[in-house]
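The following note is offered to a colleague who is meeting this structure for the first time. It takes up a sheet and then the nonpolar cores.

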Amino acid sequence: MVEHDAVAVPGATRPEVRAQEHGTGKAAGSWTRPTANWARAFSLREMGVYYALILLIDILALVTLHLGHPNYFSILNITNVMYQASLTAIMAVAMTVILISGNFDLSVASVAALAAAVLTGYADQIGFMPAALLAMTIACLAGLLNGSIVQLLGINAFIVTLGTLTAIRGIVLIFTDGHSLSVQNPGVLDAMAAFESGRVNVVLPLVVIGLALLASAVWSIRQARAAGDAAVTPRSVGAIVAALCVLAVVIATRGVVPIPKPVLYMLGFTALIWFTLTYTIVGRRLYAVGGNPEAARLSGINVVRYKLLAFVLSSGAAGFAGILFASRLHSINPAGLQGAELTVIAAAILGGTALYGGAGSVIKTLAGALLLYSLTNGFNILNLGANYQGLIEGIVVVTAAAIYTVGGQRKTA
Amino acid sequence: MTEQDDRPVAASETLLRLEGIAKTFPNGTVALRSIDLTVERGRVHGLLGANGAGKSTLIKIISGAIPPSGGDMIWKGRPTRWQSPRAANDGGVATIHQHIPLVPDLSVIENVFLGAHGVWRRDPSAHRRFDALCARVGYQIDPDSRLGDLSIGARQMVAILQALGTGADLIIMDEPTASLATDERELVYAVVRRLSQVEHKAILFVSHFLDEIVTLTDCVTVIRDGTQVMHAETDDIDEDRIAKAIVGKEVAALTRLQPASVDMDGNVDVHAKPVLELRDLCSPGRLAPVSLRIAAGEVIGIAGLLGSGRSELLHAVFGADAAATGEVLVNGRRIGRGTAAAVRAGIALVPEDRMQQGLVPGFEIWRNTTLPALRGVSRGTFMPDANRERMRGWNAVQRLSIKAASPDALVTELSGGNAQKVTIAKWLFSDVRVFLLDEPTAGIDIGAKTDILRLVRQLAADGNAVIIVSSEFEELLAVATRLIVMRDGRCVAEHPAGNVSEHELLLLAGGRDTAAAGVAAHSHRHAAGTTGQ
């Protein structure tokens with residue numbers, strides 16, 4: 001279908017006019033762009049998860065300093081927290097996508113365990129890569145199954161995935177016969193180590209990212225100034241702050257930034273999904289499908305396909321997390337990862353993802369996952385014991401949801 | 001105000017008086033500047049205004065949903081300010097909202113007494129009270145049927161019963177007939193008359209239909225931009241004056257649009273290759289087989305009542321009905337099933353329910369406008385460019401005179417007519433050849449209505465094929481080149497536009513035989529009054 005901006009309606013603004021409107025900014029007939037709403041951009045609702053994360057890390061840093069523990073801000077400690085968060089974060093990012101599409105997936109932890117079991121069960125015979133591919137295939141098929149039941153039979157996703165949560169865990173039990181499986185073959189162990197363990201110095205990419213962020217902020221400010229709009233927007237400020245942070249890390253570590261591989265996978269996956277959601281047609285349509293499926297369908301969008309895609313992505317990410325998990329432990333306990341789905345969903349909720357679809361951000365979900373694991377990390381540092389952990393985490397999740405809900409109500413009266 | 005009322009008003013006792021009511025929202029929007037309004041017992045008070053004039057705000061204030069920011073409200077002689085809708089309800093104000101807030105899974109009787117105090121779900125006296133209510137309004141309905149199974153008209157009646165069940169003195173009806181078919185409207189009119197004349201209730205009746213305002217109300221208040229611009233006894237005025245007061249300028253009324261056939265007949269060559277062709281398109285249980293050829297420049301008007309299969313036909317053409325069979329051809333090429341294939345082939349659907357089916361609520365005007373044709377505003381073929389999208393959104397705002405400060409306005413913040421224009425604007429920026437418009441003018445003010453009908457004419461003149469469905473048959477006569485009447489899922493008649501009158505269309509669509517024609521036609525538009533007497 002050919003598309004064009006000009007339309008054969010009288011009084012139409014012809015495309016040529018656009019250049020003029022654009023160039024002179026406030027030309028007659030141009031709208032006044034709303035001045036960037038700073039209060040809203042930095043409100044608790046928009047930025048709350050970042051504030052909470054910064055606040056928590058600062059408190060932990062001060063307390064560790066006071067107690068005379070090693071520096072909390074050391075690259076080792078920070079990357080350790082990220083390492084612990086990586087599996088959950090990968091699943092939570094995909095969970096955010098499925099929540100945006102207007103569905104729900106409770107089965108991720110079971111799918112991850114199944115993928116881990118398949119990998120450990122077959123790697124000795126067929127090698128690491130084939131077994132990992134097999135595990136990924138099976139995980140994606142589980143997502144396809146979930147999605148097909150939900151979309152084609154029209155059963156609520158909560159109920160379907162509650163069922164597959166139990167059933168797939170049952171398959172894990174059958175597959176492992178209730179015992180732990182472990183990998184023996186030294187070749188496979190090496191491959192697993194190469195895949196999961198070890199750190200990569202990312203100083204060069206960091207420098208590149210920092211400079212790119214700075215350049216994009218400067219470019220957007222110049223663009224806005226040329227168009228006569230408010231030059232400094234919350235977005236450009238955010239880009240500059242992020243760039244300075246990245247470059248500060250590079251300087252503070254004297255150019256040695258060793259990052260565990262799972263953290264790299266997590267960051268890469270998040271960046272890919274973020275780019276897709278923010279900048280591509282697929283992302284826009286996904287938000288439309290979650291925001292109003294009927295309107296999306298009547299706009300010519302294949303709603304079923306997008307919703308299925310989200311299910312497959314969710315299970316695929318779970319499968320990948322399961323492979324990382326098995327590679328880390330070289331074995332799988334049939335009860336492994338049990339209950340992890342709740343942490344995954346909690347991370348998405350902390351990130352402000354709407355449970356009814358159409359809204360959410362994977363970057364905030366990532367921050368949500370880091371927040372949850374920083375809490376865990378803090379309990380360990382402070383020797384508070386695991387008893388209080390559940391209580392505090394629960395309070396944090398409900399408080400976050402309350403802030404989003406109350407802060408999200410636009411003032412109409 | 002002249003008191004030349006010839007209706008049997010027993011006591012024209014003032015029930016509610018508003019003096020200088022104003023409302024400014026916290027975000028600075030001035031919804032009401034100063035409203036004076038007097039509502040009397042036993043009279044039907046019409047309240048009119050364009051979309052966004054402040055009607056809804058005024059109703060919310062009277063019914064206690066929001067507080068006014070200035071002015072006085074005198075209820076039964078005492079200055080009052082409701083603390084909550086519940087307080088207003090207890091005080092004697094009942095509101096029937098446009099979107100009926102009833103519970104679909106409860107029975108009729110449970111919905112009627114939804115707000116009642118008490119502990120037990122089954123109250124033996126409820127059935128007695130329910131029967132008494134039905135007797136009062138002269139309407140019978142099974143109290144135990146599930147609400148979700150009822151037609152929209154019957155739900156509207158349940159909402160009226162609910163309002164009466166609270167023993168209210170003032171009943172506010174916010175566009176109670178907007179989504180009703182003709183016979184269902186008559187029912188509402190009869191109840192309104194009965195309530196005002198027999199029970200001396202005061203009724204505040206909000207409507208966009210000028211004819212029903214003229215036949216039904218005793219006096220009329222028109223508001224525009226938050227100010228009262230007209231108050232008159234209905235007997236002293238006519239539709240034309242009301243329309244002028246609503247719009248505030250000489251209206252380009254519907255009648256000004258010459259019947260399409262006058263200037264179209266010469267241009268349309270019905271033997272030319274059709275833009276859209278339907279071959280035995282049907283959907284089991286919903287639509288009997290339809291075959292149709294539509295040439296470039298033709299506007300097909302579908303006249304049919306609610307449930308006649310008119311929306312089902314459009315959905316089948318658009319591929320939105322998975323059960324439909326038969327062939328749809330655009331420019332001679334057969335298209336596959338499914339909405340994506342239809343959009344690719346250049347078919348556009350403007351659905352009946354703009355908020356539920358047409359717009360994504362969390363999206364701004366620009367993101368809604370570009371949704372079906374994102375490629376045209378993308379870098380490469382997959383990355384939408386927000387600046388170009390905003391520019392397209394702004395083009396839409398200007399071209400269709402959408403009332404919005406910028407394309408960044410959320411569609412949920414727009415009034416009905418402006419939201420409707422966005423659902424149409426979505427399709428103006430790509431190679432659409434076939435426009436399917438399902439009730440594009442429902443529930444919107446006369447200015448927006450005229451804009452949309454003009455656009456329909458223009459789309460046809462540009463060589464597109466248009467199918468338009470409307471409950472307002474005079475609109476169809478104003479824009480269509482050919483009229484098809486639908487009833488019970490089948491096309492029952494086809495006429496060139498010049499050959500048929502509104503009255504005949506009504507008879508065909510309503511399925512009445514010609515013997516009853518005179519009476520039926522008489523009672524439809526202008527003499528709804530006969531039913532209540």
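1. In chain B, 4 strands form an open, antiparallel sheet in the order 12-11-14-15. Strands (E, at least two residues) and helices (H or I, at least four) are DSSP runs numbered from the N terminus, and two strands pair if DSSP finds at least two bridges between them. Strand 12 (287-294) and strand 15 (333-334) of chain B are the edges; each has a single partner strand, so one side of each lacks a neighbour in the sheet.

2. The model is predicted: local features require pLDDT of at least 70 and side-chain atom pairs pLDDT 80 or more, while totals for chains, interfaces and linings use all residues. Residues are numbered from 1 along each chain as its sequence is written, with chains lettered from A and ligands numbered from 1 in the order in which they are written.

3. Strand 11 (residues 276-283) of chain B pairs with strand 12 of chain B in the antiparallel sense over 5 bridges. Leu278(B) has Leu292(B), in strand 12 of chain B, as its bridge partner.

4. The largest nonpolar core (buried Ala, Val, Leu, Ile, Met, Phe, Trp, Tyr and Cys residues joined through C-beta atoms within 7 Å; buried means that 20 or more other C-beta atoms, placed from the backbone, lie within 10 Å of a residue's own) has 197 residues. Met91(A), Ala112(A), Ala115(A) and Leu436(B) have the most contacts inside this core. Helix 14 (residues 303-329) of chain A gives the most to the core, with 16 residues.

5. A second, separate core has 65 residues, among them Phe113(B) and Ile446(B).

Conventions: A residue is buried if 20 or more other C-beta atoms lie within 10 Å of its own, exposed if 12 or fewer, and partly exposed in between; C-beta atoms are placed from the backbone.
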